[in-house]
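Here's a quick walk through a two-chain model, taking one chain overall, then the contact, then a couple of local details. Have the structure open as you read.

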Amino acid sequence: MSAPLLDVRDIEVRFDGLKAVDGASFSQARGTLTGLIGPNGAGKTTLLRTVTGTVRPVAGAVSLDGRDISALPVHRRARLGLGMSNQIVRPFRSMTVLDNVALAAGLDRTRNPLAALLAVGRTEQQARARDLLDLVGIADAADAEPENLPLGYLKRLEVARALALAPKLLLLDEPLAGLNHVEAGRLADTIATINQTGTTILLIEHNLSEVMRICGRLLVLDQGRLIADGAPREVMADPAVRAAYMGAEADAAA
Amino acid sequence: MGAYELSLLTLIGINVLLALSLNLITGFCGQISLGHAAFYGVGAYTAAMLTKAGIGFAPALVAGAAGAALLGLIVGIASLRVRADFLAITTMGVGFLFLGVVRQQEWLGGELGISQISESGLGETGFLLLVLGLAAGVFAISLYIKRSWMGFAFDSIADDEDTARTVGIDVARYKLVAFALGTAIAGVAGGLYAHYARIIVPDAFGFTVSISILAMVVVGGIGSTVGVLIAAVLLTLMPELFRFINDYKLLLYGGLLLLTMRFSPAGLAGLARLGWTAGRKAERRPA
């Protein structure tokens with residue numbers, strides 16, 4: 001077996017003394033689609049952010065493609081092949097939807113200020129951006145300002161923008177939240193398709209039926225610890241997972 | 001052209017340079033600066049001291065730009081970790097620091113400043129042409145940058161620098177480039193001003209000057225090259241054409257700043273866009 005694409009070792013994150021992530025370790029093979037699930041507040045987003053570099057762990061290491069990226073800043077990691085879509089949407093509000101994606105597609109143009117200064121014209125990147133918007137199903141909003149769009153569109157814009165980086169590893173943080181049943185099913189299909197065309201994906205999602213449908217493997221995080229790892233059906237049958245989940249569900253229902 | 005018109009046009013050119021230079025930092029890259037006059041001052045003092053020491057006008061101008069850019073880079077590096085309101089206060093501090101230091105320096109003339117600065121050697125018309133040429137050049141460069149991928153990356157930083165990083169933008173380097181470029185141009189404007197007025201005093205580079213430059217950028221429309229150009233011309237002309245305004249210059253600038261922020265945050269450029277859209281809608285409406 002070849003080396004894993006992503007390797008996360010003993011990650012520990014603390015916020016004000018509270019352990020948000022407590023010694024999480026896992027690795028992910030190239031070409032796979034893995035779901036990261038767990039109750040609210042389990043530390044899923046924080047764990048993902050230690051991979052992109054927006055959160056710095058107090059301990060642990062992250063490697064991408066055999067290279068230790070723990071010390072690299074966010075933009076370097078993005079250039080090495082990490083694309084992330086945010087749970088809370090953050091479009092560039094001064095740009096059209098198309099340009100939001102085109103900027104990310106122009107990774108080679110923005111690699112340094114001098115290269116960027118000498119480069120004019122974005123037709124090529126806009127064409128690629130249009131294809132990606134089409135892929136996630138929001139091509140009709142290409143020329144709109146993000147300001148005027150509903151959440152469902154902005155969620156998919158996040159995915160398209162992350163994809164525009166042509167990432168080796170795509171990190172998706174609750175891309176289906178805020179979409180209706182039909183939209184969610186369609187975007188889940190798109191995510192599966194993107195995976196089948198060669199992009200490795202790590203997906204945080206609360207929509208368990210869609211997760212079970214498209215993911216080949218599930219990781220379960222509870223209170224900052226990974227409590228299960230394996231095939232979706234086995235994992236969901238695990239009593240510890242049921243306890244963590246049902247406990248949370250019962251709390252939510254109460 | 002009379003001497004007064006020559007002089008007025010030269011002053012307009014210098015102010016256009018200043019406003020466009022701040023627009024690169026604040027308008028394009030979204031980094032607010034309330035101390036821009038300090039860089040203008042560094043350029044003025046550097047160039048004035050050098051020509052007084054017998055060095056040629058052109059190299060003195062370049063040295064003024066380099067000196068201002070150097071301070072700009074230092075302030076930029078120190079400001080990389082501060083944002084928005086904190087950056088405003090930091091840059092304001094730099095402005096006061098500059099004044100405080102210059103006022104205490106005997107070799108820079110202290111409160112009295114530097115007088116009898118050498119002539120540029122270009123004659124009044126030649127000097128005006130140089131100023132207008134440089135202003136036109138910076139105007140053209142600004143338009144170009146906005147169209148280039150550098151402008152595109154600046155847009156993303158001005159919008160949301162954390163997200164810009166996640167799409168691979170090296171935010172720190174781009175910000176430093178904006179600071180270096182903008183402060184270098186302010187330095188050139190300073191060198192020109194010193195050889196235009198031929199006497200400089202610390203107060204010519206004080207806080208009110210920083211605010212005046214900012215007023216030109218805000219009234220013109222933050223980030224709009226054409227808007228800022230027009231505002232720089234208008235705000236320089238108004239106090240000159242109407243003498244009575246001159247006494248109330250700060251009141252006028254302050255009032256315009258307030259009115260712009262309240263009623264048209266996108267400035268003159270925003271108003272023009274609004275008028276354009278309304279006009280097109282009216283045209284489309286069936287008679």
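## Chain A overall

Chain A has 10 helices and 10 strands. Its radius of gyration is 18 Å, close to the 18 Å that the globule rule gives for 254 residues, so chain A is as compact as a globular protein of that length. Bear in mind that this is a predicted model.

Along the principal axes, the C-alpha atoms of chain A fill a box of roughly 55 × 40 × 40 Å. Some 44% of the 254 residues count as buried. As for how the chain folds back on itself, take the contacts between residues at least 6 apart in sequence: 66% of them join residues at least 24 apart.

## Where the chains meet

How many residues does each chain bring to the contact? Chain A puts in 26 residues and chain B puts in 24 residues. On the chain B side, the elements giving two or more residues are α5 (123-147), α6 (149-159), α7 (161-166) and α8 (171-197). Of these, α6(B) gives the most, with eight residues.

What's the chemistry on that side of chain B, split into nonpolar, polar and charged? The residues there divide into 11 nonpolar, five polar and eight charged.

## A residue at the contact: Asn112(A)

On chain A, have a look at Asn112(A), in the loop between α3 (97-105) and α4 (113-118). Setting aside residues up to four places away in sequence, Asn112(A) touches Asp170(B) and Arg173(B).

Is Asn112(A) buried, exposed or partly exposed? It has 14 C-beta neighbours inside 10 Å, and a residue needs 20 or more to be buried and 12 or fewer to be exposed, so Asn112(A) counts as partly exposed. For a sense of distance within the chain, Asn112(A) and Arg30(A) are 82 residues apart in sequence and 29 Å apart in space, C-alpha to C-alpha.

## A helix pair in chain B

Over in chain B, helix α9 (residues 207-220) packs against helix α12 (residues 249-263) at an angle of about 40°, with the axes 9 Å apart. That angle makes α9(B) oblique to α12(B), and the crossing is left-handed.

Which residues meet here? From α9(B) come Thr208(B), Ile211(B), Ser212(B), Ala215(B), Val218(B) and Val219(B). They meet Leu250(B), Tyr253(B), Leu256(B), Leu257(B) and Thr260(B) of α12(B). By class, the residues of this helix contact are eight nonpolar, three polar and no charged.

Note on methods
Residues are numbered from 1 along each chain as its sequence is written. Chains are lettered from A and ligands numbered from 1 in the order in which they are written. This is a predicted model: local features need pLDDT of at least 70, side-chain atom pairs count only at pLDDT 80 or more; totals for chains, interfaces and linings use all residues. Helices (H or I, at least four residues) and strands (E, at least two) are DSSP runs, numbered from the N terminus. The radius of gyration is taken over C-alpha atoms; the globule rule is 2.2 Å times the number of residues to the power 0.38. Two residues are in contact if their C-beta atoms, placed from the backbone, lie within 7 Å. Ala, Val, Leu, Ile, Met, Phe, Trp, Tyr, Cys and Pro count as nonpolar, Asp, Glu, Lys and Arg as charged, and the others, Gly among them, as polar. Axes are lines fitted to C-alpha atoms, for helices over the stretch in contact, and angles run from 0 to 180 degrees between N-to-C directions. Angles under 35 degrees count as roughly parallel, over 145 as roughly antiparallel, 65 to 115 as roughly perpendicular and the rest as oblique. A crossing is left-handed if the near helix is turned anticlockwise from the far one by less than a right angle, and right-handed if clockwise.
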